[in-house]
Structures are given as structure tokens and as C-alpha cells.
Amino acid sequence: MNNQRRTPIAAMKQPKDDAAVSAEQNKRKQAEQGKASASNAEARYGMIKQRRQARRQALQVLFEVDIVSHAPGTVVDVHLAEHHPGIQGAEFLRWLVSGVVAHKAQLDQLIHKYAPDWPVDQLAVVDRNILRLALFEIGCPASDTPTKVVINEAVELAKTFGGDSSPRFINGVLGSALDEVFRKLL
């Protein structure tokens, strides 16, 4: 007798029907899409992180420009050399700073209107610049950041850099100014 093992017919590869092939292809596509969506999520998280860093640096740049009157471009370059937030973050930082500097008078009018008890020049420098940043980002038609995110980021900056009452103050002024900012669109 032959010592070779015989493979049962059921275990042998059978040709697959079209439905089985299609189902297998769908599973592969779904797996590839899952990998793609995971990498998209990672890229989105990276962008969010870069923007958060850029907002933080923009506040620091505007603070320095406001206090010492240094040239904004030079201050941005120095901050980017020290802590680079990534390519998208650097572009976002430059956009924020240049936008706030270009629209400073309009932004200060909005702040004055919605915080009438506080003359803009007497506000804490940090609070004033957080408001300018957030109002610019909310009001600029080129911005793709949801309003709630901008307000939340502004409040977080106020918690980190401002005084004890800064977060409430920032949230209140931004909440009051929203309708007008949307209408004007810097």
C-alpha cells in the first residue's frame, strides 16, 4: 500500500463562485478603507495639534508685539525658530498674526462694543490678544475652524495664560459678539 496520505476532497481548494469572490473583495476594500480612515484620523489629529500650538504661539507673538512693539514678522520668525509647530501650523500662525495685525482696529471696536465696561487699552494684554485672535478666526471667511472650537481654544488659552476670571470673561465677550462677527465677516 502507498504511504502517501490522501487529502479529503472537502479540504481541497474548490473554485469559488462569483458571490464568494465579491464578498472577499469587499472585505479587502473595507480593510483598506479602515486603514485609510485611521491614517486620515491621525493626519487630522496632527493638524489639530499643530493649530493648537500655532494659536498658543500667535498669542505669545501678539503679546510681544503689543507690549514691546516689535515687528510682527520678525517675532513670528523667532518663535518658529524656537518651536516649529509643523508646516501647517507655521502657515496657520502666520495667517493668524497677519490677520489680527491687519484688522486690529476693527477687532478692538468689537471688543469695546461687547466689553463696554473695559476700555480695550486697559484690558489685560493676554485677554485683549486672546479676544483679537478668536474674533479674527471666527469672523474671517477663510477660516475653516468651527466657532465652538475657536471659543473653546480661546478659553483654554485664557486658562493657561490669563488670570482667574479670564476664561469667563473671554467666553462671555465671544458669546455676545458672535452674531455681529458672523454678519460682518472681516
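**Entry 1: I111**

I started at I111 and listed its contacts, leaving out residues up to four places away in sequence; I111 touches V120, L123, R128, L131, R132 and L135. I note here that the model is a predicted one. I placed I111 in helix α4. Is I111 buried or exposed? Its relative accessibility is 0%, so I wrote it down as buried.

I then took one of those contacts, R132, and looked up the spacing of the backbone. The C-alpha atoms of I111 and R132 are 7.9 Å apart, while the two residues are separated by 21 residues along the chain.

**Entry 2: α4 and α5**

Next I looked up the helices around I111. Helix α4 covers residues 104-114 and helix α5 covers residues 125-139. How do their axes cross? I found that the axes come within 10 Å and cross at roughly 105°. Angles of 65 to 115 degrees count as roughly perpendicular, and α4 and α5 are therefore roughly perpendicular to each other.

I listed the residues on both sides of the contact. From α4 they are K104, L107, D108, L110 and I111. From α5 they are R128, L131, R132, L135 and F136. Sorted by class, the residues of this contact come to six nonpolar and four charged, with no polar ones.

**Entry 3: α3 and α5**

I stayed with α5 and looked up another partner. Helix α3 runs over residues 87-102, and its axis comes within 9 Å of the axis of α5. The crossing angle is roughly 100°. That makes α3 roughly perpendicular to α5.

Which residues make this contact? On the α3 side I noted F92, W95, L96, G99 and V100. On the α5 side I noted R132, L133, F136 and E137. By class, the contact of α3 with α5 holds six nonpolar residues, one polar residue and two charged residues.

I compared the lists for α5. R132 and F136 are in the list for α4, and R132 and F136 are also in the list for α3.

**Entry 4: salt bridges**

I turned to charged pairs. Side chains of opposite charge can pair when their charged atoms come close. How many salt bridges does the structure hold? I found nine. I looked up three pairs, as follows.

The pair of D66 and R128 has an N to O distance of 2.9 Å. D66 is in helix α1 and R128 is in helix α5, so this salt bridge ties together parts 62 residues apart in sequence. D66 has 22% relative accessibility, so I put it down as partly exposed. R128 is buried, at a relative accessible area of 8%. R128 had already come up in my notes as a contact of I111.

The pair of K159 and E156 has an N to O distance of 3.3 Å. Where do these two residues lie? Both are in helix α6, three residues apart, which is about one turn of the helix. K159 is exposed, with a relative accessible area of 52%. E156 is partly exposed, at 34% relative accessibility.

I also noted that salt bridges with shared partners join R52, R55, E137 and E153 into one network. One member, E137, is on the α5 side of the contact with α3.

**Entry 5: E153**

I followed the network to E153, which lies in helix α6. The side chains of E153 and R55 form a salt bridge, 3.9 Å from N to O. The pair links distant parts of the chain, with E153 in helix α6 (residues 147-161), R55 in helix α1 (residues 18-68), and their positions 98 residues apart.

Are E153 and R55 buried or exposed? Both are buried. For E153 the relative accessible area is 7%, and it counts as buried because the cut-off is under 20%. Leaving aside neighbours within four places in sequence, I found E153 in contact with R52 and R55.

**Entry 6: the whole chain**

I ended with totals. The protein chain has seven helices and zero strands. Read along the sequence, the pattern is α-α-α-α-α-α-α.

The chain has 186 residues, and 36% of them are buried. I looked up contacts between residues at least 6 apart in sequence; 70% of these join residues at least 24 apart. The accessible surface is about 12100 Å², and carbon and sulfur atoms account for 53% of that surface.

Key: Residues are numbered from 1 along each chain as its sequence is written. This is a predicted model: local features need pLDDT of at least 70, side-chain atom pairs count only at pLDDT 80 or more; totals for chains, interfaces and linings use all residues. Side-chain values use heavy atoms; hydrogens and water are left out. Axes are lines fitted to C-alpha atoms, for helices over the stretch in contact, and angles run from 0 to 180 degrees between N-to-C directions. Helices (H or I, at least four residues) and strands (E, at least two) are DSSP runs, numbered from the N terminus. Angles under 35 degrees count as roughly parallel, over 145 as roughly antiparallel, 65 to 115 as roughly perpendicular and the rest as oblique. Contact means heavy atoms within 4.5 Å. Ala, Val, Leu, Ile, Met, Phe, Trp, Tyr, Cys and Pro count as nonpolar, Asp, Glu, Lys and Arg as charged, and the others, Gly among them, as polar. A salt bridge is a side-chain nitrogen of Lys or Arg within 4 Å of a carboxyl oxygen of Asp or Glu. Buried means under 20% relative accessible area, exposed over 50%, partly exposed in between (1.4 Å probe, protein chains only). Accessible areas come from the Shrake-Rupley method with a 1.4 Å probe; for residues, only the protein chains shown count as cover.
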